[in-house]
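Hi,

Here is the structure I promised to pass on to you. Have a look at it first, and my notes on what turned up follow below.

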Amino acid sequence: MALSHPVISLGGSKIAVDVPHLAFVSAIVGWCVWFCRDAWLAQADVENLIMIVPAAVAAGVLYVFVAAGCFKVVGRADGFGTRRPLHTGVGVKIAGTMALLAALVVAGPLVGFDIASFVYILATLLLLGERRILILLLAPALFCIVVVYCFDTVLPIPLPLFFVAGGAP
Amino acid sequence: MINLAALVDAVHLLGSSWQPWLVVVPGILIGLIVHAVPGLTTSMALAICLPLIPYMDFLQALIFMTAMYAGALFGVAIPAVLLNVPGSAAAVGTTFDGFPMAQAGRHNEALGLALAASCTGQAAAYLLLLCIAEPIAAFAIKLGPPEMLVVSVWGLTLIARLRGRHLARGLLAGVFGLLLGTVGLSARGAPRGTFGIDLLLDGVPIVPAIVGLFAAAELFNLVGRDYIVDDLTRRSVNARRILIGMRDTFRYPGTLLRGALLGTGLGLLPGGHAIANLLSYSEARRAAKDPERFGTGDPRGIIAAESANASSEGGSMATLLALGIPTGGATAVMLVAFGMHNITGGPAFMREHTDIVYAVILSSLAQVVILGVVGFAFIFVAGFG
């Protein structure tokens, strides 16, 4: 079954709105406008704005065309296509994975990326349904050792770590 | 156009000792492994290996670095095909048809196509470089900021074509990318769009951006599935099917040649190697009688992107050797290696060490064959790993 879209009435016609797509495009163009304003406030001269302002204006013009495509008269053959709903539980898993990734980014500099990565991988494996104890312990540990070693060797900026290179960050 | 005396000297240099050849296989393997991991870059791998450079003679060091570069150019295609995560910006075009092929259980053929296109692209670029290294260098030095701007705008307009009928969406994505690229300090030091975060003063770092855009998005996409390909029998690594993919590459000689020529030309320009794959993909799509098949797992998409990506190495090396100008991070690190041997790249280097330039080109042609064998073995061994 395809996802249904909210329908609004306009001048006697029923129009379906692709809200997620419209919100996504609005967020992108909203950032473009904000960025243009920020750049203008930072340095209001031609040298700084010669590319930013035309690009932001272009984004605004293109927004009109893309956003217009998010509105379709109900019943027309060329609707929004067949976007299918997520299976039960998948939406929760995606949201959980996003939350865990955000937690890794926030917690990494605070507690050290070795500990944060270990907990992140362990929690993600659990969330995705892994229940074998050996895998749950070995996979995060192995991954952390390899990643921490590689980053410790490669990065010119020391990676905040709990156990290596001088203890807690 | 070819200096025959220098060419004979180059053959003598390469044939008189086995030492320069010792570093080829390790170099290709390092390049392959590093770039099979999204987020790690050629310049990063070259930088790690820089401490080894003073212990090699100059020719051996150059061959080692070009071998790493050659391995890396194919390595980026592996995660692009299997995970929809390009190893770098240079493999974005490979994902468009490579991942749909993997989803359809045709990952063996896709990797075979990528390997053969990569090897052929590199071979074509170095053959071209051998013939016209000096004229190319003379042309490249005439390109100034206006010409670079035209190339950039051309790249942006072609991005709009990549997603077929959604012209406005493609252009909007291009404009969004353009603005994201200006985040950070202005020419006079005013911070723009940084949210007060010091780390953004230098702009949005390319590697985290690529990992975030491609890897994180794909991570969320794969959360609801156990495997990219659910059918176990379609997940196996099959040498015969990889070879079929390699053979099929040569069924599209026009796409292959166009990609190689575009890649070589764009490789000459700073940053050109990053867009070569996209421009070549767009051109292949434009020239096709059935462009709607692109993006659904069409072999021509992989061939176009990979041949251009691989051949851009030849162009980059031409600019580096002939002008001493690095066109990207990898060639910038190579320039540091030049300095370690008290050598400065540029017209004087081309004039005084033509034999070494030709030796590097000839060894790179040999590396193409070795890459074919090592790359095939790498896919096979990694697939069973």
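Let me begin where the two chains meet: the interface of chain A and chain B holds 2 salt bridges by the rule used. Please keep in mind throughout that this is a predicted model. One salt bridge to look at joins Glu47(A) to Arg188(B), with 2.9 Å between the closest N and O atoms. Polar contacts also cross the interface of chain A and chain B, in 5 residue pairs where both partners have pLDDT 80 or more. On the side of chain A that touches chain B, at least two residues come from each of α1 (19–42), α2 (46–49), α3 and α4 (90–111). The most is given by α1(A), with 11 residues.

How much area do chain A and chain B bury between them? The figure is about 2600 Å², and 83% of it is on carbon and sulfur atoms. In terms of contacts, 33 residues of chain A meet 27 residues of chain B. As you know, the accessible area lost when parts come together is often used to give the size of an interface.

**Chain A**

Chain A contains 6 helices and 3 strands. Along the sequence they come in the pattern β-β-α-α-α-β-α-α-α. The chain has 169 residues, of which 28% are buried. If you take contacts in chain A between residues at least 6 apart in sequence, 55% of them join residues at least 24 apart. The exposed surface of chain A is about 10700 Å², with 75% supplied by carbon and sulfur atoms.

A nonpolar patch on that chain may catch your eye. Val57(A), Val61(A), Val64(A) and Phe65(A) together make a nonpolar surface patch of about 400 Å². Of these residues, Val61(A) sits in helix α3 (residues 52–68) of chain A. Val61(A) counts as partly exposed because its relative accessibility is 43%, which falls between the 20% and 50% cut-offs.

**Chain B**

Chain B has 18 helices and 2 strands. Of its 385 residues, 54% count as buried. For contacts in chain B between residues at least 6 apart in sequence, 77% join residues at least 24 apart. The accessible surface of chain B is about 16100 Å², and carbon and sulfur atoms account for 67% of it.

Now to the charged pairs. Over all chains, a search of the whole structure gives 11 salt bridges. One of the salt bridges pairs Arg241(B) with Glu109(B), whose closest N and O atoms are 3.1 Å apart. This pair links distant parts of the chain: Arg241(B) is in helix α12 of chain B and Glu109(B) in helix α8 (residues 107–140) of chain B, with 132 residues separating them. Is Glu109(B) buried or exposed? Glu109(B) is buried, because its relative accessible area is 14%, under the 20% cut-off.

Arg241(B) has further partners. A polar atom of the Arg241(B) side chain lies 2.7 Å from the backbone oxygen of Gly105(B). Setting aside neighbours within four places in sequence, Arg241(B) is in contact with Gly105(B), Arg106(B), Asn108(B) and Glu109(B). Helix α12, where Arg241(B) is found, covers residues 239–249 of chain B.

A second group of charges is built as a network of salt bridges linking Asp290(B), Arg293(B), Asp298(B) and Arg300(B). Within the network, Asp290(B) and Arg293(B) form a salt bridge at 3.6 Å, N to O. Asp290(B) also forms a salt bridge with Arg300(B), where the closest N and O atoms are 2.9 Å apart. Asp290(B) lies in the loop between α14 (272–287) and α15 (299–323) of chain B, while Arg300(B) is in helix α15 of chain B, so this pair ties together parts 10 residues apart in sequence. The two arginines that pair with Asp290(B) sit as follows: Arg300(B) is buried at 13% relative accessible area, whereas Arg293(B) is partly exposed at 42%.

Lastly, a backbone detail. Which phi does Phe195(B) have? Phe195(B) has a positive phi of about 55° although it is not a glycine. For context, most residues other than glycine have a negative phi. Phe195(B) is in the loop between β2 (191–192) and α11 (206–222) of chain B, and with 56% relative accessible area it is exposed.

Best wishes

Terms used. Residues are numbered from 1 along each chain as its sequence is written. Chains are lettered from A and ligands numbered from 1 in the order in which they are written. This is a predicted model: local features need pLDDT of at least 70, side-chain atom pairs count only at pLDDT 80 or more; totals for chains, interfaces and linings use all residues. Side-chain values use heavy atoms; hydrogens and water are left out. Patches are made of residues with over 30% relative accessible area and no salt bridge: like charges are joined within 9 Å, nonpolar side chains (Val, Leu, Ile, Met, Phe, Trp, Tyr) within 5 Å. Accessible areas come from the Shrake-Rupley method with a 1.4 Å probe; for residues, only the protein chains shown count as cover. A salt bridge is a side-chain nitrogen of Lys or Arg within 4 Å of a carboxyl oxygen of Asp or Glu. Helices (H or I, at least four residues) and strands (E, at least two) are DSSP runs, numbered from the N terminus. Buried means under 20% relative accessible area, exposed over 50%, partly exposed in between (1.4 Å probe, protein chains only). Contact means heavy atoms within 4.5 Å. Buried area is the accessible area (1.4 Å probe) that two parts lose on being put together, summed over both. A polar contact is a pair of N or O atoms within 3.5 Å; within protein, one must be able to donate a hydrogen and the other to accept it, and residues adjacent in sequence count only if both atoms are side-chain atoms.
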